[in-house]
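Biologist: I've got a new chain to look at and could use some help reading it. Shall we go through it together?

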Amino acid sequence: QVQLVESGGGLVQAGGSLRLSCVASGTIFTLNNMGWYRQAPGKQRDLVARITSGGVTNYADSVKGRFAISRDNAKNTVYLQMNSLKPEDTAVYYCTADILGFGRARDYWGQGTQVTVSS
């Protein structure tokens, strides 16, 4: 059974920083692409950042230059460093990973962590 568990969310003032972490556990043969999505109330879930197993990254335009995604393959962990936070960054942030365990590779999702940015 594969699980993704996020941590690091919270309440921060505009201009502040937060670092999200997501650990994958369980039977993992291959950990492929990992990423972060976010969903604000009443809106769809959107991609924030993604990182390949080789470390290639891509970002939503709204977070470029402010957020940085990274991963530690030895720890099966992906991070999202969020700087210069804005109220519009307020959302539930979800970790996702393409994982090969028993059976076919598929996408797994974490339970989400709330990020609230006050003005």
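Modeller: Sure, one term to start with: accessible areas here come from the Shrake-Rupley method with a 1.4 Å probe. Keep in mind that this is a predicted model.

Biologist: Okay, how much area does the chain expose, and what percentage of it do carbon and sulfur atoms supply?

Modeller: Using that kind of area, the chain exposes about 6300 Å². The share that carbon and sulfur atoms supply is 47%.

Biologist: Which elements does the chain have, helices or strands, and how many?

Modeller: Reading from the N terminus, you meet β after β, right along the chain. The helix count is 0, and the strand count is 11.

Biologist: Why is the chain as compact as a globular protein of that length?

Modeller: For 119 residues, the globule rule gives 14 Å. The chain is as compact as a globular protein of that length because its radius of gyration is close to that, at 14 Å.

Biologist: What percentage of the residues count as buried?

Modeller: Buried means under 20% relative accessible area. Of the 119 residues in the chain, the part that counts as buried is 39%.

Biologist: Which strand gives the largest share of the largest nonpolar core?

Modeller: In soluble globular proteins, nonpolar side chains tend to be buried together. Here the largest nonpolar core has 30 residues, and W36, L80, M82, Y93 and I99 touch the most other members. Several strands supply at least two residues each, including β4 (30-39), β8 (77-82) and β9 (91-100). The largest share, 5 residues, comes from β9.

Key
Residues are numbered from 1 along each chain as its sequence is written. This is a predicted model: local features need pLDDT of at least 70, side-chain atom pairs count only at pLDDT 80 or more; totals for chains, interfaces and linings use all residues. Side-chain values use heavy atoms; hydrogens and water are left out. Helices (H or I, at least four residues) and strands (E, at least two) are DSSP runs, numbered from the N terminus. The radius of gyration is taken over C-alpha atoms; the globule rule is 2.2 Å times the number of residues to the power 0.38. Buried means under 20% relative accessible area, exposed over 50%, partly exposed in between (1.4 Å probe, protein chains only). A nonpolar core is a set of buried Ala, Val, Leu, Ile, Met, Phe, Trp, Tyr and Cys residues joined through side-chain atoms within 4.5 Å.
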